[in-house]
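Please open the model in a viewer and keep the selection panel at hand. The tour below proceeds from one selection to the next.

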Amino acid sequence: SAPAHAPRAHREAAARRARARAHELARERLRPLYPFLPLLPSAPLSLPLSRRGPLLHAYGPFHRACRASRRHMAEPDAPSQGDSPLGAGPAAGGRAPTRRPLYATGTSSGIRIQYASVPVDDQVKAKTFYTEKLGFHVISDDPIVGKHRWLTVGSPDGVQGVELLLEPNALPAAQVYQKALYADGIPCATFMVGDMDKTLAFLKARDVTIKVGPVKAGPVIIAHIDDTCGNLLQLTQKVAAA
């Protein structure tokens, strides 16, 4: 930044460069997470005021995600709440999640898991299924490009701060891949549960289709469900050693 005694024009130019750099850092942080991010302009704050509004609105979800990520690292873990049996958090009898610093010392790379994603053929239908059927809650639901949205959900019984992105399956190659997985009976994602019988009873009461199981497979019990959006999801319960 420019020193305080620098001419006003120099200070304003330095501020503009700092803002543009902040936008670039936000873009780079989230670029691998969403295929539509490269379509957005690089420096909306350099545009006239009359054209900034829509672009800043498009950037909003990404900036909020960055801020939420920083808050997550600064805040203590919240206790698990909600009535969903999915997950292996304290409410399901599992171990409470442990927070680690973002940039730890020693052998840690500083890389952490913030988002996971599943492709969905209809985001409106996916939002209904993952919230009303599975008991998840919406974390972000913001317009991005066209009809597509930045739509993430979280589990009340899962690790706080980890979000599941319900990503629109708009690419032809990805659509072929999704259909092939479904036809071969391969789940696209796995969720942990604390009590398989309780979870399946919860889902059957909400008319969720159970495609496979429950089946014991070595140290776990598994079941497959249909998410109505083109995917099979696997539920897994660890079995205590005899």
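Select D141 to begin: its relative accessibility is 24%, so D141 counts as partly exposed (buried means under 20% relative accessible area, exposed over 50%, and partly exposed in between, with a 1.4 Å probe and protein chains only). The model is a predicted one, in which local features need pLDDT of at least 70 and side-chain atom pairs count only at pLDDT 80 or more, whereas totals for chains, interfaces and linings use all residues. Residues are numbered from 1 along each chain as its sequence is written, and side-chain values use heavy atoms, with hydrogens and water left out.

**The salt bridges**

Add K127 to the selection. The side chains of K127 and D141 form a salt bridge of 2.8 Å, N to O (a side-chain nitrogen of Lys or Arg within 4 Å of a carboxyl oxygen of Asp or Glu). This pair links distant parts of the chain, 14 residues apart: K127 belongs to helix 3 (residues 123-133) and D141 to strand 2 (residues 137-143). Helices (H or I, at least four residues) and strands (E, at least two) are DSSP runs, numbered from the N terminus. K127 is partly exposed, at 31% relative accessibility.

Next, add R149, whose side chain meets that of D141 in a salt bridge of 2.5 Å, N to O. R149 has a relative accessible area of 30% and is therefore partly exposed. K127, D141 and R149 are thus linked in a network of salt bridges.

Now select K125 and D121, whose side chains are joined by a salt bridge of 3.9 Å, N to O. K125 is partly exposed at 36% relative accessibility, and D121 is partly exposed at 47%. The whole structure contains three salt bridges.

**A buried aspartate**

Keep K125 displayed and select D227, in the loop between strand 7 (220-226) and strand 8 (232-238). D227 is buried but has no salt bridge; K125 is the nearest side chain of opposite charge, 7.7 Å away (Lys and Arg count as positive and Asp and Glu as negative, while His and the chain ends are not counted). Which side chain makes a polar contact with the side chain of D227? The partner is N231, at 3.0 Å. A polar contact is a pair of N or O atoms within 3.5 Å; within protein, one must be able to donate a hydrogen and the other to accept it, and residues adjacent in sequence count only if both atoms are side-chain atoms. The D227 side chain also reaches the backbone nitrogen of C229 at 2.8 Å.

**The cavity**

Select Q178, L181, Y182, I186, C188, G230, N231 and L232, which line the largest cavity. A cavity is a set of points, on a 1 Å grid over the protein atoms alone, where a 1.4 Å probe fits but cannot get out; lining residues have an atom within 4 Å of a point. Helix 4 (residues 172-183) supplies the largest share of this lining, three residues.

**A buried glutamine**

Finally, select Q114, in the loop between helix 2 (49-74) and strand 1 (115-120). Q114 is buried, with a relative accessible area of 10%. Its side chain makes a polar contact of 2.4 Å with the side chain of R112 and reaches the backbone oxygen of G161 at 3.0 Å. Adding E163 shows a residue 49 positions from Q114 along the chain, with 6.4 Å between the two C-alpha atoms.

Terms used:
1 Å grid on protein atoms, 1.4 Å probe; cavity = no way out; pocket = protein on both sides within 12 Å on 5 of 7 lines; lining within 4 Å.
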